[in-house]
Amino acid sequence: MAEHKPDQMEFYKQEELQQIDLNPPKEGWQDQPADFRPGSWIYPTKPKHLESLGMPNPREWSPADEDWQLPENWQEIIHKKFKELLGKYRSFRIFMDTCVRCGACADKCHFFIGGGDPKNMPVLRAELVRSIYRNDFTTVGKILGRACGGRKLTMDVIKEWFYYFYQCTECRRCSVFCPYGIDTAEITMMAREMLHELGLGVNWIMEPVANCHRTGNHLGIQPHGLKDTLEFFCEDIEDVTGIHIDPPINKKGAEVLFVTPSGDFLADPGTFTCMGYMMLFEEIGLDYTWSTYASEGGNFGLFTSADVMKKLNAKIYAEAKRLGVKYIIGGECGHMWRVLNQYMDTMNGPADFLDVPKSPITGTVFENSRSTKMIHITEFTADLIKHGKLKLDPKMNDHVRVTFHDSCNPARAMGLLEEPRYIINSVCNNFHEMPENTIREQTFCCGGGAGLGTDENMEMRLRGGMPRGTAVRHVQEKYDVNQLACVCAIDRATLVTVCDYWAPGVQVTGVHELVANAMVMKGQKERTMNLRLEPLPGAEEKEANDGES
Amino acid sequence: MTAILALGAILILILLAGFGSQVAGLQVVFGVAVPYAAIALFLGGLVFKVMSWARTPVPFRIPTTCGQQKTLDWIPSARFDNPHTTLGVIGRMALEVLFFRSLFRNTKVDIRPGGRIIHTPAKWLWAAALAFHYSFLVIFIRHLRFFTEPVPGFVKAIQSVDSFFEIGVPSIFLTSFLLLGALGFLLLRRLVSPQLRYISLANDYFPLFLLIAIGTTGVLMRHFQKTDIETIKAVAMGILSFSPVTAGGGALFTIHFFLVCVLFAVFPYSKLMHMAGVFMSPTRNMANTNRAKRHINPWNHPVAFRTYEEYEDDFRDKMKAAGIPVEKE
């Protein structure tokens, strides 16, 4: 039998991961160095990616090394950046000053619940930075130092930052419970931005960033490759429905530019969701276009720095302008919508060359996107369904017993809660909610957000995914749930592993895969397969009967 | 260890004031210098800190949304938990400041054998926090009777409500004991819960011990070692009118008064600034009008990105071969 490695889920025994002691050790946290055990950290950025982006200190190194090959004046560099960020973000200043360590956030983090490492309590994660802030930037801290919670900026602190700020998925769950709204995502962003000044980043984020910069998407799909991919999807769609689709690409003068995370182009089950979008647009006759240049809705710049986020996001408006579209629709993705909802207009707007989004089918004007000119696909589809513009046969999904995972960012940075639920209830007859403390604004992260969803980080992904996975298992046992729907590309990639591990038998699906499977298209042939090319339960029997007669 | 450090600091402060009250020459220090220094440190620090926050830009609109957004007309939105109007934000802030809305959501996680994760509501922290803060507010208002002549009606009214039960002579104030009870709970949970003990700093124990000492000396003065109220009022009025009186008032009063001065002095330099910070937290005091109204970032500097022209130059041949339209043939 082959030995399993720390980057495979089989390496970890469930009984062992479930042995969680939420009680911290005896010794204080201040002097405990981070334990870089395999499976709990992510490979560092390859120098070529930093070079292509013009970012500091490209070199070959590993967090397991003693020497991280930092510039001589690394303390000075961090201090300077720290000061700059304190001057740029009121959030950072207030979050440094106001925490009372009440502990309400402590057991709200999925990494703490699933692992018990005290530095994964949001309060301590923030203290890793706050202790340096006290020591270096406050008068009292400069005088009293350690006695009032200050710490000197040492190499161990930098290592600890690297370890723990790449163990935060920026999911904002702690921020819901904090009486002062302290948002650890914000602190993690600041810490990562500081670390990047020393060339400390992870390849799983920076390679997509470099790809996105050059090819327009995280996966590095070149224009002709994207065309092939979409045409390949259309072949499958034709097999399932008998309907032929020609995907519009870089089409000038289209009414709508459609942008989705590139994960939907590459990996199942995201690909099925992508087919779902295409079938929907075909069915309603939407005049839209894909773009190969702005072929990424997701934005790993969000996990890097404000400038990199802006750099990658800029292409969406630029392309909308070049193509002369009226407005933009965005696909199902989590952190993509954090950027589109809370950052895009501020960074790269005003989008005064676009129109306020108006559904050509229902006439609904999306006033909530009056300035950004970009709407979420579930807002668009929910409106279509409400106006009876889609012919739906939910019975087609009767073999599916579905639950819905609110993705962190649409839930806590947007409030997109009812739109996907309305759609699911319209296209499925069997929908069951997970327990209330694990959905909506209290939803649990998949454990792989903010650039942590890579296999070498498997232990942390399984631990971080445990609260979500356990809630899925609960509805699996109680209601026989067999599919988990979500509106996030990272979820569609990482929750597959989480479900296989914590709730085996539950598949992951996008909302628009469910829509497309239930949608009765004009001129379609009788459906015998779903989009995964799996035979539908009734169809199998029918075929057998046909054979007998 | 951190708790002992904080307790030690408080004991030293108590001894200092106790000693000061016995030495005639030091009465000027404790009755005049200390209160004015405390007021200066309080006001100066508070203004400086709040100004430093206010001067720092809010580059992005980043509310933490805790309910349904405002989108389609037929989907009801969460007016306060995900506000999209100024009125909604005021409502959200009022719920936060007056009723500790976010803390009310608190849950406790238990992991059962077999890996079952149980979330149960946990309201004790919320209840104790609310009890402490409101008691403190009432006590603060009650104390205005020492600083005003004539004493305003609302101060008298609050005082009479607070001593409603008329137990003892002088009758006890409900809030004095509520305050001490709540503080006791907040201290005990820090000492007993292993997680809280782990995250607690001396900075967390110090204000707790300080407030407990202030509350205890206050109760002692009212009910056990009765202190002459007229003398105290003369001291208080003297400070306010910038003609300080150094007429003592006894050891207990000196300690009580000194500790209150310490509370004011450390306030702006400690976590107690959460009082001001809660009003300015960008995840709570902004409306989720993100896509409807453009938010301006004052330092939004230009960032170079790869233009379409550069992209097409790189991939033109491949695009043409695949039949994808290009700008330049």
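**View 1. A:Phe82, a buried ring, and its partner A:Phe137.** In this predicted model, A:Phe82 has a relative accessible area of 1%, so A:Phe82 is buried. The structure holds 42 aromatic pairs over all chains, and one of them is formed by A:Phe82 with A:Phe137. Their ring centres are 4.9 Å apart and their planes meet at 35 degrees, a tilted pair. Because A:Phe82 sits in helix 3 and A:Phe137 in helix 6 (residues 122–137) of chain A, the pair ties together parts that are 55 residues apart in sequence. A:Phe137 is partly exposed, at 21% relative accessibility.

**View 2. A:Phe258 meets A:Tyr277 edge-to-face.** Here the centre-to-centre distance is 4.9 Å, with 65 degrees between the planes. The two rings link distant parts of the chain: A:Phe258 belongs to strand 1 (residues 256–259) of chain A and A:Tyr277 to helix 14 (residues 270–284) of chain A, 19 residues apart. Both A:Phe258 and A:Tyr277 are buried.

**View 3. A cluster of aromatic rings.** Take a moment to find the members, which are linked by ring pairs. Among them are A:Trp41, A:Trp61 and A:Trp68, together with A:Phe36 and A:Phe162. The cluster also includes A:Tyr43, A:Tyr163, A:Tyr164 and A:Tyr166.

**View 4. A patch of negative charge on the surface.** A:Asp65, A:Glu66, A:Asp67 and A:Asp156 gather here. To find your way, start at A:Glu66, in the loop between helix 2 (47–53) and helix 3 (74–88) of chain A. A:Glu66 counts as exposed because its relative accessibility is 70%.

**View 5. Two cis peptide bonds, at A:Pro269 and A:Pro350.** The bond joining A:Asp268 and A:Pro269 has an omega of about 5 degrees. You will find A:Pro269 in the loop between helix 13 (263–266) and helix 14 of chain A. For the bond from A:Gly349 to A:Pro350, omega is near -5 degrees. A:Pro350 lies in the loop that runs between helix 17 (344–348) and strand 4 (374–376) of chain A.

**View 6. Positive phi at A:Asn250 and A:Asp480.** Neither A:Asn250 nor A:Asp480 is a glycine. Phi is near 50 degrees at A:Asn250, which is placed in the loop between helix 12 (223–241) and strand 1 of chain A. With a relative accessible area of 3%, A:Asn250 is buried. At A:Asp480, phi is about 65 degrees. A:Asp480 is in the loop between helix 22 (466–479) and strand 6 (483–486) of chain A, and it is exposed, with a relative accessible area of 51%.

Terms used
Residues numbered from 1 in each chain as written. Chains lettered and ligands numbered in written order. Predicted model: local features only at pLDDT ≥ 70, side-chain atom pairs only at ≥ 80, totals over all residues. Heavy atoms only, no water. Patch = residues over 30% accessible without salt bridge, like charges linked within 9 Å, V, L, I, M, F, W, Y side chains within 5 Å. Areas by Shrake-Rupley, 256 points an atom, 1.4 Å probe, with all protein chains shown as cover. Salt bridge = Lys/Arg side-chain N within 4 Å of Asp/Glu carboxyl O. Lys, Arg positive; Asp, Glu negative; His and termini not counted. Charge placed at Lys NZ, Arg CZ, Asp CG, Glu CD. Helix = DSSP H or I, 4+ residues; strand = E, 2+ residues; numbered from the N terminus. Buried < 20%, exposed > 50% of the residue type's maximum accessible area, 1.4 Å probe, protein only. Phe/Tyr/Trp six-rings, centres within 6.5 Å; stacked < 30°, edge-to-face > 60°.
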